[in-house]
Each structure stands twice: as C-alpha cells, then as structure tokens.
Amino acid sequence: MIGSGGREHAIGWKLSQNNRIDRVFHAPGNGGTTNNVQIPVDNLDELAKFASENDCFTVVGPEVPLAMGIVDFFNEKNLQIFGPTRKAAQLEASKIWAKQFLKRNNIPTAAFEIFDDPAKAKEYISQVGYNVVIKADGLAAGKGVIVCDSMDEAEKSIDMMLVDKKFGDAGSRIIIEERIDGIEASYIALSDGKIAIPMATSQDHKRVFDNDKGPNTGGMGAYSPTPIIDEDISQKIKEKIIDKTISALRDEGITFQGFLYAGIMLKDGEPYVLEYNARMGDPECQPILMRMESDLFEYLVGSVSGTLDTMSPISWKNKSAVCIILASKGYPESYSKGDEIFGLEQVFDDGFVFHAGTKKQDAKIVTNGGRVLGVTGLGDTLESAINHAYSISEKISWKNKYLRTDIGKKGLSYL
C-alpha cells in the first residue's frame, strides 16, 4: 500500500480483512499503519524492488506516484499494481488537460479560459467579474483551487500562482473558470477500462472552518451516503460523466483502470464536473470503506484484470458513516508537529480512528502533519453516525487539536 495518509490507512485496513492476504505493507505508512517500509512514494525503483522481492500486489493511494507513471513502470516489470497509468492520471495531474478533455468530449463542466500571463488573466476577470474559480494546473495537494468572493481576492490569487509561484511549476499555468453555484458532492467509481462500477456516494467538506468558511484544504471531513445524490441524479452522473469519460479515454487510446473520482456540482438537478481525481478521495475513502460489505481486494483485482463486467455490484451496509478530520491548529498554513496524542489505545464499537499525519516516536504516537486523524463512525442514520463520530473525537486529544463541528450537517439539512 503506497502512501502515508488516512486514505491509505483505510484501504490497508479494509484489505487486511481478506483472509487470502498474508500481510499488508505500507510504504511509507504512518503512526497507525502496520509493517511500515521506509520508502518514499516517489522512489519508484525501490518500491518496485520491494514489491518484487515480497511477491506483492501493489495499491497506489496518492496522486504523485500515479502522475510519475508508477503503474507503467511496474507493468514493464510484470508486477501487479492497481491504479491508472501516467496518461490516464493526466485527468488529475493537469487540470488544463482535464478541462480540454471535458470540452472536446461534451462532458458537462463550467466554462473556462487558460492563462500564463498575470496581466492578461487580470484583464479577463475585469471583463467577466470576480465570480470565478482560479485553479493551478498541476498537483497542489488539494490546495490549488481558490473560489473568489471579491475582485481583490481574484487578483491576489492570480499573483500568488503566476507571480509569487506559491505552487511552483504546478501554478505556472492557471485556469479561470465560471463559478457554478450549487451543491457539491463526490462520485467515485471503480473502472477496468471497459466499464465502471459506482462506489457509495459521499460528500466532502473542503473549507477549513465551519459553514464552509476559510481556505480550501485536502478535506476536513466527509460522510456517506449523501442524500444529495438520489437514484435519478446518480444515473445521470454515471451515464453523462463517468461512462462517457471511460469510453472517451478509450477512444483516445487510454485505458483507465483504477478509481475515477469526479467532484460534482449539482445545479437545477444537472451534474457538472468540477474536477477529476485519478484515485480514491481522502477523506471520502474512510466512510465509504466503513460501509463496504464486499471484499475490496477482489474488486481491485477485477479492475487490473479487466473483469469487472463478470462481478456483481458492490454491496453496502444499510448505515451511514461519518469521518471527522482532527487537524493541527493552523492547517492548511503553518502548524506544529511532534505533539503527543492521547486516547488512541481505546477500541470503539462501530468506529475506527484512521491515522494520517502521525508517527511513532519512542512508545508514543505524535502529530506529524496538518490532517492528523480521521475519526470514522457508523450509525443507523446520518444523525446517529455524526453523533457517534463526534463522541469518539472527544475522547482523543493533543495540545493543538482542531476540528470542524458541522461535518455532515449539510446532509441533515438536505434531508
């Protein structure tokens, strides 16, 4: 299992439930994962060597190794690996490539323009108004998207990316996109390049503060399923977006095998693609896998071998799951590391604490990142799952702990 976040802990946890699997290694893993192997996610040579020597089926969690072409690299060495190739991962690695792909294949998305010159970008927003979203082209750890609420914010965002180079090469070109005001949700499907099987629906909470205030983060919490995507809308997303994407990629000579994540904006009952990810979402992964009854490993093998069409739909627990991110104060900007975490020795019924930014130090677990833990709870209803996840969260503490207090409330208000 390549990666060190909450998503990777959750996938490893779910895979370990398969009795055909002897051991789950995590590279590099975190303070809560098992059999950690100290190989960075971008050291493809060492990862392939380890996988070969230990007869591993490899699962790629994060976007960086996918964008580097780890799947192509493993395939050349006849090593089994789950995830999309470098070409397929362009859907996430380059927002410009993805938007142009959407446009030429008539897949619904917001209108956009591309810029590398700050003066021209500012001239454009002076014509269209500040009601825009500004995006860095490349990978920016979930922080390269700014939803602008004023002309001043739009101009500062352009300068931050194109002049100050806050995101380095990832922000050397930007997209300025029409802002669609609607309801946002996540739709994730598993594809073998021919068909796509939907995962459970979910909704992420991207902004750092309650009521969706403050800067975007990698995600402050998520819940599954979401009432925002009913059966009718789910069918529309599958047909107009997911299936069309898989077949359009195939027509362009690209076989997409892996998790295809579509960030969806719903307006007047119609879905629009905000962005693609070429891997499972984080933190959506945690509540989705808490609800998954089917064996995850069998489906990952089906994706790699191109046999998903022979498999039955994935079965889900008829429950809700909520994941609350416990973060370090100051995230997504600067924050302290090395604070000891208390309360992790407890076992919670219908709940699990997935580690993200943690590490083992002597006999202690300490903070080692912005998003530290993903506290995930199940409940018969969304409300009971929310209450359960928050009650677990209260039992875990460290000096600089921060969390949003309204995760899942959008779903409750929608219900």
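This passage describes a pocket, a cavity and a buried serine in a predicted model.

We may begin with the open space. The second largest pocket holds about 590 Å³. Its lining is made up of 24 residues, and Ile21, Arg23, Asp55, Cys56 and Phe57 are the closest to the pocket centre. Two elements, α2 (44-53) and β3 (58-59), each give two or more residues to this lining. The largest share comes from α2, with three residues. By class, the lining of the second largest pocket comprises 16 nonpolar, four polar and four charged residues.

Enclosed space comes next. One cavity of 30 Å³ or more was found in a search of the whole structure, and the volume of the largest cavity is about 70 Å³. Its walls are formed by Leu91, Glu92, Lys95, Ala98, Lys99, Lys135, Leu274, Glu275, Tyr276 and Asn277. Here the elements giving two or more residues are α5 (86-93), α6 (95-104) and β16 (270-277). Of these, β16 gives the most, with four residues. The lining of the largest cavity divides into five charged, four nonpolar and one polar residue.

A single residue completes the picture. Ser303 sits in helix α11, which spans residues 296-305. Ser303 counts as buried because its relative accessibility is 0%, and the cut-off for buried is under 20%. The side chain of Ser303 lies 2.8 Å from the backbone oxygen of Ser191. Beyond its neighbours within four places in sequence, Ser303 is in contact with Phe82, Leu190, Ser191, Asp192, Gln257, Gly258 and Leu308. Ser191 thus appears both as a contact of Ser303 and as the residue whose backbone oxygen the Ser303 side chain reaches.

How values were computed:
Residues numbered from 1 in each chain as written. Predicted model: local features only at pLDDT ≥ 70, side-chain atom pairs only at ≥ 80, totals over all residues. Heavy atoms only, no water. 1 Å grid on protein atoms, 1.4 Å probe; cavity = no way out; pocket = protein on both sides within 12 Å on 5 of 7 lines; lining within 4 Å. Points joined across faces, edges and corners; volume = space filled by probe spheres on them. Nonpolar A, V, L, I, M, F, W, Y, C, P; charged D, E, K, R; others polar. Buried < 20%, exposed > 50% of the residue type's maximum accessible area, 1.4 Å probe, protein only. Polar contact = N/O pair within 3.5 Å; in protein donor to acceptor, adjacent residues only side chain to side chain. Contact = heavy atoms within 4.5 Å.
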